[in-house]
Amino acid sequence: MYCYECGEKLALVLHNQEGLVPFCKKCNEYRFPQFATAVTIVAANREKDKILLAKHRDQSDYILFAGYVKKGETAEKTVTREFKEETGLNVVKYKYMSSRYNAAKNLLLLNFSVIAERGEPQLDKSEIDEVKWFTFDEALEFVRKDSDAEAFLKAAVADLKKS
Ligand SMILES: [Zn+2]
């Protein structure tokens with residue numbers, strides 16, 4: 001581990017509240033581990049019986065809408081901005097669900113369940129190839145098994161069925 005400001009090798013030093021934390025002797029600062037944050041979005045229709053999923057070129061699985069949280073932006077803002085950018089549709093309502101840490105991508109994923117406004121999706125073709133509405137059962141069938149997306153989708157579908 002190296003300091004992200006000066007490049008010095010970091011040593012683990014006892015921090016009075018956080019236990020052992022990487023420390024840069026040159027900067028005389030603790031350097032808490034950094035990671036990126038992204039939102040993933042389970043988008044339902046207003047009737048709450050269908051889920052909108054996306055597919056990228058040359059991929060067989062359907063995925064949840066997702067995007068990185070920009071510096072200075074709230075996660076709520078990322079949800080409405082990304083969904084609008086990727087589908088052309090506004091978010092009518094959103095609800096924070098849960099989070100998962102993806103170690104391979106060093107990424108904290110925050111999942112939101114949203115209700116999309118009615119209308120035809122207008123795709124951003126640079127990011128997404130196709131979007132499609134699925135019934136709950138179909139949606140669960142078309143996402144990759146044992147993925148973060150599947151876990152988020154299962155939780156969101158269970159929650160939508162209750163409401
Ligand atoms: Zn440093």
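Into which domains is the protein divided? Colour residues 1-34 as domain 1 and 36-162 as domain 2, and you have the split. Keep in mind that you are looking at a predicted model. Now drop a pseudo-atom at the centre of each domain, using C-alpha atoms: the two centres sit 35 Å apart.

Next stop, the zinc ion. Select it together with Cys3, Cys6, Cys24 and Cys27, whose SG atoms are its protein donors at 2.2 to 2.3 Å. Turn on the angles among these 4 donor atoms and you get 102 to 115°, which makes the site tetrahedral. For reference, the ideal for four tetrahedral donors is 109.5 degrees. Read along the chain, the donors are spaced as C-x2-C-x17-C-x2-C. Cysteine 3 belongs to the segment before strand S1 (11-15), while cysteine 24 belongs to strand S2 (residues 19-24), so this pair ties together parts 21 residues apart in sequence.

Switch on a surface and check those two cysteines. Cysteine 3 has a relative accessibility of 5% and counts as buried, because the cut-off for that is under 20%. Cysteine 24 comes out at 0%, so it counts as buried too.

Stay with cysteine 24 in strand S2 and show its contacts. Leaving out residues up to four places away in sequence, cysteine 24 touches Cys3, Cys6, Glu8, Leu10, Glu29 and Arg31.

For the last stop, pick aspartate 61 and draw a C-alpha to C-alpha distance back to cysteine 24. That line spans 43 Å, with 37 residues separating the two in sequence.

How values were computed: Residues are numbered from 1 along each chain as its sequence is written. This is a predicted model: local features need pLDDT of at least 70, side-chain atom pairs count only at pLDDT 80 or more; totals for chains, interfaces and linings use all residues. Side-chain values use heavy atoms; hydrogens and water are left out. Donors are N, O and S atoms within 2.8 Å of the metal (3.2 Å for Na, K and Ca); water is not among the atoms, so sites may look incomplete. Four donors count as tetrahedral if all angles lie between 85 and 135 degrees; four count as square planar and six as octahedral if opposite donors are over 155 degrees apart and all others between 65 and 115; anything else is irregular. Helices (H or I, at least four residues) and strands (E, at least two) are DSSP runs, numbered from the N terminus. Buried means under 20% relative accessible area, exposed over 50%, partly exposed in between (1.4 Å probe, protein chains only). Domain bounds come from an automatic or database domain assignment. Contact means heavy atoms within 4.5 Å.
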